[in-house]
Amino acid sequence: MHLYPVLQPIVKFLLTLFWRPTVAGLQHVPSSGRMIMACNHTSAFEAYFVPCMIPREIHWLGKDALFKGKGVPGKFFAWLMRSVNVIPVDRSGSGGASSALDAGIAVLEGEHALGVFPEGTRSHDGRMYRGKTGAVRLALATGAPILPVAELGAFEAQRSKNSIVPKLRSKLHTQIGPTIDMRAQLATLRADKPSDAPATREELRTLTRSLMEAIRELSGQEYVDEYAADVKKRLKDANAS
């Protein structure tokens, strides 16, 4: 059962009723066709909050562990995730990144919108961290434009790091920027030596930095040139020792 078009207006109504969120830049959202929505990630509720502000159905790639819960509750949760466009992907092991890339390409080639958090994991301190190259790889592989999105106020609205419900009366604002054509940006990088060769690692990193800067300009966050997962691991190890 496909519940996204049923639940989205209900959730949006409740969000509007209790939090009165605002949104700007809706004119930049393509009305149809393939699209990658790339958003900053500072809270647990951005995955449902931001899609309610965008007039498109968003598909997400979720780790397959979310679909392996035990008993009736676990099966119900897995069914619910599938019904709202969350696709299970095995991201463990050496083939995890490739599996996620293939799943994302399938979504985009179906002319759908795909949502990603380039940082890979939530920021623990509200700052923006280095983006991973997956969104750019998907854009180059499919020609899908990337829609940069920033959710403002989400970090401050958290009750705790695991809370999925923001504090009441929190000021939440979704800022949407113009779409980015990564194929055109790659061509610009190669202006002096045009080539049809796949993007190099350095080119992917350059394009990803450009994407993160576009999101940062919308969010106003301080940028940290490290992966959020590495920083979290370092802090965890330090606390353990």
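**Exercises on a predicted model**

Just after helix H5, glycine 143 adopts a positive phi of about 75°. The structure is a predicted model, and the exercises below are to be solved on that basis.

**Exercise 1.** Determine which residues of helix H5 (residues 134–142) are buried.

*Solution.* Step 1: the criterion for a buried residue is a relative accessible area under 20%. Step 2: in H5, this class consists of Ala135, Val136, Leu138, Ala139, Leu140 and Thr142. Step 3: following the chain beyond H5, one arrives at glycine 143 with its positive phi.

**Exercise 2.** Classify threonine 42 as buried or exposed, and describe its surroundings.

*Solution.* Step 1: locate the residue; threonine 42 belongs to the loop that runs between strand E2 (35–39) and helix H2 (46–53). Step 2: its relative accessibility is 3%. The limit for burial is under 20%, so threonine 42 is buried. Step 3: list the contacts, leaving aside neighbours within four places in sequence; these are Arg122, Ser123, Gly126, Ala154, Phe155, Gln158 and Gln221. Step 4: for phenylalanine 155, examine the polar atoms; its backbone nitrogen is 3.4 Å from a polar atom of the threonine 42 side chain.

**Exercise 3.** Establish in which sense strand E8 pairs with strand E1 and in which sense with strand E7.

*Solution.* Step 1: E1 (residues 22–24) and E8 (residues 173–176) are joined by three bridges in the parallel sense. Threonine 22 has histidine 173 of E8 opposite to it. Step 2: E7 (residues 146–152) pairs with E8 through four bridges, in the antiparallel sense. Here glutamate 151 has threonine 174 of E8 as its bridge partner. Step 3: E8 thus has a parallel pairing with E1 and an antiparallel pairing with E7.

**Exercise 4.** Assign leucine 17 and leucine 80 to an accessibility class, and identify which residues form a nonpolar surface patch with leucine 17.

*Solution.* Step 1: leucine 17 is part of helix H1 (residues 4–19), and leucine 80 is part of helix H3 (residues 71–83). Step 2: the relative accessible area of leucine 17 is 46%, so this residue is partly exposed. Leucine 80, at 23%, is also partly exposed. Step 3: membership of a patch requires over 30%. Leucine 17 forms a nonpolar surface patch with Val6, Leu7, Ile10, Phe13, Leu14, Phe18 and Leu168, and their accessible area together is about 720 Å². Step 4: apart from neighbours within four places in sequence, leucine 80 contacts Leu3 and Leu7; Leu7 is one of the patch residues. Step 5: the C-alpha atoms of leucine 80 and methionine 1 are 8.9 Å apart, with the two residues 79 residues apart in sequence.

Note on methods: Residues numbered from 1 in each chain as written. Predicted model: local features only at pLDDT ≥ 70, side-chain atom pairs only at ≥ 80, totals over all residues. Heavy atoms only, no water. Patch = residues over 30% accessible without salt bridge, like charges linked within 9 Å, V, L, I, M, F, W, Y side chains within 5 Å. Areas by Shrake-Rupley, 256 points an atom, 1.4 Å probe, with all protein chains shown as cover. Salt bridge = Lys/Arg side-chain N within 4 Å of Asp/Glu carboxyl O. Helix = DSSP H or I, 4+ residues; strand = E, 2+ residues; numbered from the N terminus. Buried < 20%, exposed > 50% of the residue type's maximum accessible area, 1.4 Å probe, protein only. Contact = heavy atoms within 4.5 Å. Polar contact = N/O pair within 3.5 Å; in protein donor to acceptor, adjacent residues only side chain to side chain. Pairing = 2+ DSSP bridges.
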